[in-house]
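Q: I want to learn to read pockets and helices in a model. Where do we start?

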Amino acid sequence: MGLNVKNISYHYGKQPVVENISFTVNEGEIVTLFGPSGVGKSTILKMIAGLLTPQTGTIEFTGDSRRENTLLVFQDYLLFPHMTVAENIAFGLKMRHVARAEIRQRVQEMVTEFQLTGLEKQYPAELSGGQQQRVALARAIILNPKLLLLDEPFSSLDGNLRQQMYTYLHRLQDRHHFAVIMVSHDQQETFLLSDRVVVLADHQLQQVASPRELYTRPANQTVAEMLGCFNYLHGTVNGNVFQLGDEQLTVDNTDHLQGAVVLLLPFVAPVSLQENGGVQATVQQIHWQPAGQTIIFTVAQQRLEVRQTNFSRQLAIGEVVHLGLPTGAQVLPWH
């Protein structure tokens, strides 16, 4: 099973929605279209589902995947309000003229698998948000899709329900072996669920990578700012040597930049206290959180945020210390 999206574009009049987007989906993958509202994520899903036609480019299904076994689950579920839970789940099979006995058997299997026992005769308005979500998924899964398209499926659920549905989606995928393309603008959700992420901004493709690759090496300033988990320390680079104030650091300069750049340092980077050497820093703020302290320093007249619990001693606001910064951090041009 596979999907190849090649150079697709779509415009409303002269207004671009998506421009020259390419990515692939492999069997069993969860691929997330990630980006802010209005960058064309839902439009891409609709083109894959066949509800819209790309104005340029192609969408190619390979192997045993076809548009006919690709199913789209909308953000608001679109359950039929006049049908019961069982009738909603059975709807697709009825449209395919499956025998009644088989429909009853498969609906019962879905009711059991999706933990909807006892709700078969209830109507959508009588269900909680999580129950409606499970009915919408059951209605899709009963048709044995090879590719499931999910348009911000968990955005209306509270935190606890969302976590439950993340676990549920992985379990369903392991059991039924379908691939998923999901739309999300939630970074935590994207990182938790995705095998790969298609990052979109300004109606264009910015990067396709695993969550780990996105975090360790964002492709550009736009991606880094979207992730929102980095310090940006301005300095100069010559080869693999970055000059920050009076301190020199060894960095990742794969793009062979020269001169003024920015050092990309994650908030959770392994920063340590040094007795000798290191970068001089002044403690500005200290915030306690359940996951550990957040400490704001001033370094070379710039802000440095550090989130960790393993400093060798307690710090005080106003204290001047020396910090050991990790080597191998990425430098980027800054515009």
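A: Start with the largest pocket: 13 residues line it, and Leu71, Leu72, Phe91, Arg139 and Leu143 lie nearest its centre. Here a pocket is an open set of points on a 1 Å grid over the protein atoms alone, where a 1.4 Å probe fits, with protein on both sides within 12 Å along at least five of seven lines; lining residues have an atom within 4 Å of a point.

Q: Which elements give two or more residues to that lining?
A: They are β5 (70–73), α2 (85–95) and α4 (129–141). Helices (H or I, at least four residues) and strands (E, at least two) are DSSP runs, numbered from the N terminus.

Q: How is empty space found, and what is the volume of the largest pocket?
A: Rolling a probe the size of a water molecule over the atoms shows where empty space is left. The largest pocket has about 310 Å³, the space filled by probe spheres set on the grid points.

Q: What should I trust?
A: The model is predicted: local features need pLDDT of at least 70, side-chain atom pairs count only at pLDDT 80 or more, and totals for chains, interfaces and linings use all residues. Residues are numbered from 1 along each chain as its sequence is written, and side-chain values use heavy atoms, without hydrogens and water.

Q: Which residues of helix α1 are buried?
A: An α-helix has 3.6 residues a turn, so residues three or four places apart point the same way. In α1 (residues 41–49), Lys41, Thr43, Ile44, Leu45, Met47 and Ile48 are buried (under 20% relative accessible area, 1.4 Å probe, protein chains only). Gly50 follows α1, with a positive phi near 90 degrees.

Q: How much of the whole chain is buried?
A: Of its 335 residues, 48%.

Conventions. Buried < 20%, exposed > 50% of the residue type's maximum accessible area, 1.4 Å probe, protein only.
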